Structure formats: C-alpha cells, structure tokens
Amino acid sequence: MEALRIESTHKTPRVILDPENGIFEFSGRSIPEDSVGFYLPILDWLEKYAQQPLPQTHVRFDLEYFNTSSSKNILEVLKRLEAIHTAGHEVRVTWYYDEDDEDMEETGQDYQALLNLPIELAVKVQS
Amino acid sequence: MVATQPELLHRPALSYAYPLYRNMLDNSIVFIYHGPISPDLVVDVLNLVEYRLGDKGEDRRISKKLFNIMVETFVLGEQQSRGHAALIVRQLPYLYSVSIGRRISSPSVYEVKAYLDWVNTLLPEQLREEYHRLLQNKAPELPQHVGGIPSISILDLARKSNDILHYNFEYLDAEDSFFSLEARIRKNI
C-alpha cells in the first residue's frame, strides 16, 4: 500500500499517511472550500489501511485552526481509526494544542468524549 | 461656482470617507470588510488582524480566541447567493466583537431568531452536548441549517465566545432581510 502525502496550503493541512511505519500526521490549517472533497481521499485511504493495519499506528494532529466543516470530517477520520482500534490493533492519537488555545484543547476533549479511542492531549512545544 | 468634471467625480468620495472614518473611530472598529468571503480571504484577513493585535501587544489567549471565532464567523458569510457579506471587528477596552452581516430570506427570519434565542438559553454544558449531537448527526430534530446558515456554526460560536450571541434583523423587502450576528470575546477570560 502506498503512502498518502498531501502538502499543506495556506488553507489545507499537510497530511502524511505512512503505512510502512504506521505514522500519520495532520498539521496546519483546515479551512478548505470543499471540506468533504478534501477529506474524501483520506477516508478512502484509511478504509483500505483498515483492512491490513500495522499492529501499532500513531496519529499526530497538530492543527493551527479549522472550521466546523472540517471538524465533522476530522471526526470521520477518527472514526476510521476507532474502527481499527476496536478491531484489536493499537492506535494512539496525539492531539497537540497551543497552551494559549483553549478552543483547540476543548476540541481535543470533544473527540475524547465522543470516541472509544486513546487520544492524548499534548501542549505544543514552542520553537 | 460650477464644479468641473473631476470635482464632480471626487466630491462623493470626500463626502463619505470622513463619516465612515468617524463611524469606525467612534465604534472602535478596527477592521471592516464587505465583499465575497472565501477561504483565501480568511487567511488574508487573519494575517491583517494578527498584525493589528501584535501591534497592540494583545494577550495570546485572547488573540487565539478571536481568531477561532473569526474562522467560524466566516463560514456564516460563505456560499450564499444573496449578495456579499460584511465583516466587522471591534476592539473595546474590555472586549472584542466580531460581527457578520448578510442577507437571508425574509420568511426564514423567525426560524433563525427562534434558533438563536434557544441557543442563548443553553448553559455551557448543554451547548457542548448539542454541539456533539450535531457533530455526529445525532440530532434528527435539530435542523442542519437555519435560514441557510449551518446550525453547528452558531453553536460553535456560542461555545467559543462563552457569551450570548447578539443579533439583529433589518427587513429589506418580502424576499430579503439583513441579518447580523455578533460574537463577543471578553478580555478577562
């Protein structure tokens, strides 16, 4: 299975789904014009990955800001990961937030509450 | 004295520039925009407002909150066929205010008003629960849109501002009304 790599733009996140190492990353902003269209290939990719996932998958969300349209699609991404986790494969999600960004922290807590998936909230280390 | 052609062309500009400037000054408006709203614009506006806030040495927690609210406010102005939206950011000594103004259909005014009134009655925990239900599409009794506006955006703004949402409707004609919505961010959060 090939990796999925989407470079970031000023309105869409960088996405790296690496099936060789089981390391996934979403970083940047997510305010696409067509949120469903942007996330659809990612969801499709995850469906395929779910058929033969690695024993351990680590997913890193490091988002700057996003709108509610993206929130719904990110929830769909997390649901795909939840399905992998529920099937007995280890999936670990780290949700990074800026220590001054209580909304991003709260969004991470929302996903923790809505899903049966280990989501760790972590403060970003300022560079 | 008879005005020359160049004077006729320029006089209107001079006559509205000062009242507009005065209005912005008197109402502590730090940013105003009227036109189409797209994600490209969102990024540009955020950069501009970030520059203004950085210039004033604003607390990063407040800046972040303001940005998050602006990002969602833009959603309310996107994808509409009833003309362009207006965005206004005000900076008062104790709060920031982000307002979006746009046309909605006059028959939908009562629906939008009723929804906003209901949202304004909810406690933070209830807002959270309703937001979760809409996010998961588990609220069949709740409309996904009210007056063409995503309901979840309204809930999101109410949650983030941690305050009631202020609104106003101006009846224009049987088809259109002008709807404005304001989210406030208190600086003592």
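Select Asn162(B), just after α6(B): in this predicted model, the residue takes a positive phi of about 55°. Step back from there into helix α6(B) itself. Eleven of its eleven residues are buried, so α6(B) is largely enclosed by the rest of the structure. To display them, select Ser151(B), Ile152(B), Ser153(B), Ile154(B), Leu155(B) and Asp156(B), followed by Leu157(B), Ala158(B), Arg159(B), Lys160(B) and Ser161(B). The threshold behind the word "buried" is 20 or more other C-beta atoms within 10 Å of the residue's own.

**The side of chain B that touches chain A**

Next, show both chains. On this side, 22 residues of chain B are in contact with 19 residues of chain A. The elements of chain B that give two or more residues to this side are α2 (39–56), α3 (60–77), α5 (124–135) and α6 (151–161). Select α3(B) in particular, because this helix gives the most, with nine residues. Colouring by residue class then separates the side of chain B that touches chain A into nine nonpolar, five polar and eight charged residues.

**Strands of chain B**

Now hide chain A and select β2 (85–91) and β3 (95–105) of chain B. These strands pair in the antiparallel sense over six bridges, and they form a hairpin with three residues between them. For a point of reference within the pair, label Ala86(B), which stands opposite Gly101(B) in β3(B).

Keep β3(B) on display and add strand β7 (residues 176–186) of chain B. β3(B) and β7(B) are also joined in the antiparallel sense, over eleven bridges. Here the residue to label is Ile104(B), whose bridge partner in β7(B) is Ser177(B).

**Confidence**

Before leaving chain B, colour the chain by pLDDT. The mean is 87, and 90% of the residues of chain B reach 70 or more. Two elements mark the extremes in chain B: confidence is lowest in helix α1 (residues 5–26), at a mean of 77, and highest in strand β6 (residues 166–171), at 97. For the model, the scores are ipTM 0.91 and pTM 0.90.

**Chain A as a whole**

Bring chain A back and view it alone. Chain A holds three helices and six strands, and from the N terminus on its elements run β-β-β-α-β-α-β-α-β. Along its principal axes, the C-alpha trace of chain A spans about 40 × 30 × 25 Å. A compact globule of 127 residues would have a radius of gyration near 14 Å, and chain A agrees with this at 14 Å. Buried residues make up 37% of the 127 residues in chain A. If a contact map is at hand, consider the contacts in chain A between residues at least 6 apart in sequence: 66% of them join residues at least 24 apart.

**The sheet of chain A**

Select the six strands of chain A. They form an open sheet in the order β1-β2-β3-β4-β5-β6, with mixed pairing. At the edges stand β1 (4–6) and β6 (119–123) of chain A, each with a single partner strand, so one side of each is left without a neighbour in the sheet. From one strand to the next, the twist averages 15°.

Finish inside this sheet with strands β3 (residues 23–30) and β4 (residues 56–66) of chain A, which pair in the parallel sense over eight bridges. The last residue to label is Arg29(A), which stands opposite Tyr65(A) in β4(A).

Notes: Residues numbered from 1 in each chain as written. Chains lettered and ligands numbered in written order. Predicted model: local features only at pLDDT ≥ 70, side-chain atom pairs only at ≥ 80, totals over all residues. pLDDT = per-residue confidence, 0-100. Helix = DSSP H or I, 4+ residues; strand = E, 2+ residues; numbered from the N terminus. Contact = placed C-beta atoms within 7 Å. Nonpolar A, V, L, I, M, F, W, Y, C, P; charged D, E, K, R; others polar. Buried ≥ 20, exposed ≤ 12 C-beta atoms within 10 Å, placed from the backbone. Pairing = 2+ DSSP bridges. Rg over C-alpha atoms; globule rule 2.2 N^0.38 Å. Axes fitted to C-alpha atoms, helices over the stretch in contact; angles between N-to-C directions.
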